[in-house]
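Dear colleague,

Here is the structure I said I would pass on. My notes on what turned up in it follow below.

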Protein chains: 2
Amino acid sequence: MIKRRKNSVPPPPPDCPLRKCMELLSGAWTPDIIWYLRDGERRFNELQTDLPGVSAKMLTTRLKRLERLGVILRSPKPTSPPTVWYGLTPLGLELVGALSVVVDIGHRLKQSHEGSFETRL
Amino acid sequence: MIKRRKNSVPPPPPDCPLRKCMELLSGAWTPDIIWYLRDGERRFNELQTDLPGVSAKMLTTRLKRLERLGVILRSPKPTSPPTVWYGLTPLGLELVGALSVVVDIGHRLKQSHEGSFETRL
DNA sequence: CTGTATCCTGTAGGATACTG
DNA sequence: CAGTATCCTACAGGATACAG
């Protein structure tokens with residue numbers, strides 16, 4: 001007998017490809033990381049300054065997951081001190097295209113609202 | 001003098017168009033709502049059954065925000081009992097394209113991992 | 001049918017200190 | 001430099017009851 005506490009997470013819908021796929025971009029800083037890798041590899045430390053406010057904990061958490069998912073590649077270089085470069089896989093690079101579309105639409109919605117866009121988010 | 005509590009939200013980065021624009025899709029059920037409106041208008045009640053697990057509270061919250069943002073349109077019909085239809089604006093419809101790209105990439109990542117994709121999310 | 005209003009809690013993620 | 005390990009809390013969002 002499976003017990004469910006009152007406010008536990010609801011059972012996942014039987015089949016929901018969109019939700020599954022959107023989890024690719026879920027989590028704080030995830031789209032940002034992909035975005036800042038769009039022009040080539042970046043080191044851990046560079047990403048930390050690219051994303052002002054990110055904690056080392058979240059940055060490593062998100063980088064690890066994106067690597068597991070096949071979106072980014074981790075390349076440690078045996079320099080001294082050691083450095084680690086992160087870059088997008090081909091599929092990761094395609095995600096940048098989707099993000100660009102959202103950015104474009106966002107800008108156009110903003111214009112159509114004559115500047116009050118941010119306050120409506 | 002502005003006081004900041006210890007674990008308060010960090011100050012927003014000076015200029016970050018991606019983050020602003022990605023907020024369009026933020027919040028539970030937001031992409032799902034857009035997705036289920038892609039083929040035409042739906043009533044409040046229909047959306048509730050389209051999205052098993054959504055609470056009325058969140059559904060109205062998300063619908064209101066998407067309306068404010070210009071992504072969807074709310075059309076109450078003076079029937080009895082009253083019904084309300086929701087549909088995508090032209091810009092909202094363009095968001096569906098971006099979601100489709102993510103879904104497509106998700107499927108291909110899944111294949112490249114030979115089925116262990118879900119467990120990696 | 002289409003929502004509001006409360007109340008409550010799990011969890012994401014920040015702060016901080018520490019390691020190889 | 002590139003992370004780990006802990007600890008802690010704000011807040012998103014579910015449950016429930018109610019209203020027009």
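**Contacts with DNA strand C**

In this predicted model, a backbone N or O atom of B:Val84 lies 3.3 Å from a phosphate oxygen of DNA strand C. Two side chains of chain B also reach phosphate oxygens of that strand: a polar side-chain atom of B:Asn45 is 2.4 Å from one, and a polar side-chain atom of B:Tyr86 is 2.5 Å from one.

In total, 22 residues surround DNA strand C. The closest of them are A:Lys57, B:Asn45, B:Lys64, B:Arg74 and B:Tyr86. Of the atoms of DNA strand C that come within 4 Å of the protein, 74% belong to sugar and phosphate.

Both chains contribute elements to the surface near DNA strand C. From chain A, helix H4 (56-69) supplies at least two residues. From chain B, helix H3 (44-50), helix H4 (56-69) and strand E3 (83-88) each do so. By residue class, this surface near DNA strand C has eight nonpolar, seven polar and seven charged residues.

**How the two chains are related**

Chain A superposes on chain B by a rotation of 180° with 0.0 Å of shift along the axis, at an RMSD of 0.0 Å. The two copies are therefore related as by a two-fold rotation axis. In chain A, the C-alpha nearest that axis belongs to A:Ala98, at 2.5 Å.

**The interface of chain A and chain B**

Contacts between the chains involve 39 residues of chain A and 39 residues of chain B. Because 100% of the interface residues of chain A are also interface residues in chain B, the copies meet through the same surface. The area buried between the two chains is about 4,100 Å², and carbon and sulfur atoms give 75% of that area.

Four salt bridges are found across the interface. One of the salt bridges in the model joins the side chains of A:Asp32 and B:Arg19, with 3.1 Å from N to O. The count of residue pairs in polar contact between chain A and chain B is four, both residues being at pLDDT 80 or more.

On the side of chain A that touches chain B, the elements giving two or more residues are helix H1 (17-22), helix H2 (30-36), H4, helix H5 (90-112) and helix H6 (117-120). H5(A) gives the most, with 13 residues. The residues on this side of chain A divide into 25 nonpolar, four polar and ten charged.

Regards

Note on methods
Residues are numbered from 1 along each chain as its sequence is written. Chains are lettered from A and ligands numbered from 1 in the order in which they are written. This is a predicted model: local features need pLDDT of at least 70, side-chain atom pairs count only at pLDDT 80 or more; totals for chains, interfaces and linings use all residues. Side-chain values use heavy atoms; hydrogens and water are left out. A residue is near a molecule or strand if one of its heavy atoms lies within 4 Å of it. A polar contact is a pair of N or O atoms within 3.5 Å; within protein, one must be able to donate a hydrogen and the other to accept it, and residues adjacent in sequence count only if both atoms are side-chain atoms. Helices (H or I, at least four residues) and strands (E, at least two) are DSSP runs, numbered from the N terminus. Ala, Val, Leu, Ile, Met, Phe, Trp, Tyr, Cys and Pro count as nonpolar, Asp, Glu, Lys and Arg as charged, and the others, Gly among them, as polar. Copies are superposed by least squares on the C-alpha atoms of residues with pLDDT of at least 70 in both. Contact means heavy atoms within 4.5 Å. Buried area is the accessible area (1.4 Å probe) that two parts lose on being put together, summed over both.
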